[in-house]
Protein chains: 2
Amino acid sequence: MGKIARLHSLAGKRTTTQRKLLLDLIQQAGGHLDADELYRRAREQEPTISLSTVYRNLKLFKELDLIDERHFAEEHHHFEAKATVEHHHLVCLGCGRVIEFKSPLIERMKRQLSRQNGFVVTDVEVCMMGYCARCQESMASG
Amino acid sequence: MGKIARLHSLAGKRTTTQRKLLLDLIQQAGGHLDADELYRRAREQEPTISLSTVYRNLKLFKELDLIDERHFAEEHHHFEAKATVEHHHLVCLGCGRVIEFKSPLIERMKRQLSRQNGFVVTDVEVCMMGYCARCQESMASG
DNA sequence: GTTGGTGCAAAGTGTTTGCACTCTG
DNA sequence: CAGAGTGCAAACACTTTGCACCAAC
C-alpha cells in the first residue's frame, strides 16, 4: 500500500478557481455535505459553476484521499474533509442530526479481525442509528 | 416505539404468489442480495414478475422488519433476511466478497454511547473495507 | 364484489459522460 | 499553445409511481 508522497494537496492537478473553491468549502464545512449542498454553497461565490464540476471534483478529491465518502441510510452520498482522527457517526432518526464520535473499541475490532480472518482493514464505516437525548425527551412528553 | 405484535410475518397483507416467492428467496439466500439479483432469481420461477413488484415488496418487508437494508460502498442497496444475531460486514476491495462477522465489542460500544451521549442506538451498521487473505496473497505474488 | 397487488411504461433521483469551448501551466 | 478542466445537455443506473387489469380475501 505504498503511496507516493504528495507535494501539495492537488498533486499536480490544475488549480482552477472552481476546484479551489470546492476544496475550501468542504474543508470549512467541518461537517457532512452532499453534492447538492456543496453545489448550492459553491454557486453563492461562483454562480456559473456546474453540478458536473462538483461531481468530477468530488471524485478527484476522493482519489487524492482528500475527502471521505460516507453512506448514511440515504440515497445519496455524503462527504467530509479527510479526518485527521478517525471517527464515526451517530444518526438521529428523530431530527436527522449527525453526531460524530470516536471509540478505541474500533481499533481493537480491526486488530481482532486481522488476527481471526487474516483480513487487513483499510477503511471502517460505523454508522449507528437511534434517538438523541433531545428527541427521546420530546417523544416522551409529546 | 410500541409495536403491535404481528400474528404472522405478513401482518394482514395479502399473500400473493409473488410476495411469498420473494420472501422465500430472500430467506433462502442467506447472504446479501440486491434488487436486481432478487429479480433475476424470482423470474426463474415466475417469469412475468416485474421489477416494480420486487421493489414494492422489498419496501414492505423493510417496513415489516423482515429484512435489513445494507449500504455497502456502492450505488445500489443490498438486502438480507432479518438477522437473528446481529452481525456486520467485511467487504474485500480486491474480490468484492462480503464476509460476515460479529463482535461483542459492538455491544460495548452501544452501551458506551448511551452512557456518554444519552443516545439510544436502535440499529448499527459496521462496514469494514480492506483485503482478504486470498487477495493479499495474489497481490504479493502477482 | 372490494380493494390491495400486479405488470407495464413513464417519471424521478442522483450521478456520469460527450462535446465544444476555456483557461492553467 | 496543448490539453486538462469546464458548462451544458443528454445519458445513465437505480428506484418510484400512475394506471388499468387481476386475484386474494
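Two exercises with worked solutions follow, on a predicted model.

Local features require pLDDT of at least 70 and side-chain atom pairs pLDDT 80 or more, while totals for chains, interfaces and linings use all residues. Residues are numbered from 1 along each chain as written, chains are lettered from A in the order written, and side-chain values use heavy atoms, without hydrogens and water.

**Exercise 1.** Determine what area domain 1 and domain 2 of chain A bury between them, and which residues of domain 1 supply most of its share.

*Solution.*
1. Chain A is divided into domain 1 (2-81) and domain 2 (88-141), with bounds from an automatic or database domain assignment.
2. The two domains of chain A bury about 640 Å² between them, 51% of it on carbon and sulfur atoms; buried area is the accessible area (1.4 Å probe) lost on putting two parts together, summed over both.
3. Of the area that domain 1 buries against domain 2, 66% comes from His32(A), Arg70(A) and Phe72(A), more than from any other three residues.

**Exercise 2.** Identify which residues are closest to DNA strand D and which side-chain atoms approach its bases.

*Solution.*
1. DNA strand D is surrounded by 21 residues, each with a heavy atom within 4 Å of the strand; the closest are Arg14(A), Gln18(A), Arg19(A), Thr53(A) and Tyr55(B).
2. Sugar and phosphate make up 61% of the strand D atoms that come within 4 Å of the protein.
3. For Gln18(A), a polar side-chain atom lies 2.7 Å from a sugar or linking oxygen of strand D.
4. At the bases, a side-chain N or O atom of Arg56(A) is 2.9 Å from a base nitrogen of strand D, and a polar side-chain atom of Arg14(B) lies 3.4 Å from a base nitrogen.

Notes: Polar contact = N/O pair within 3.5 Å; in protein donor to acceptor, adjacent residues only side chain to side chain.
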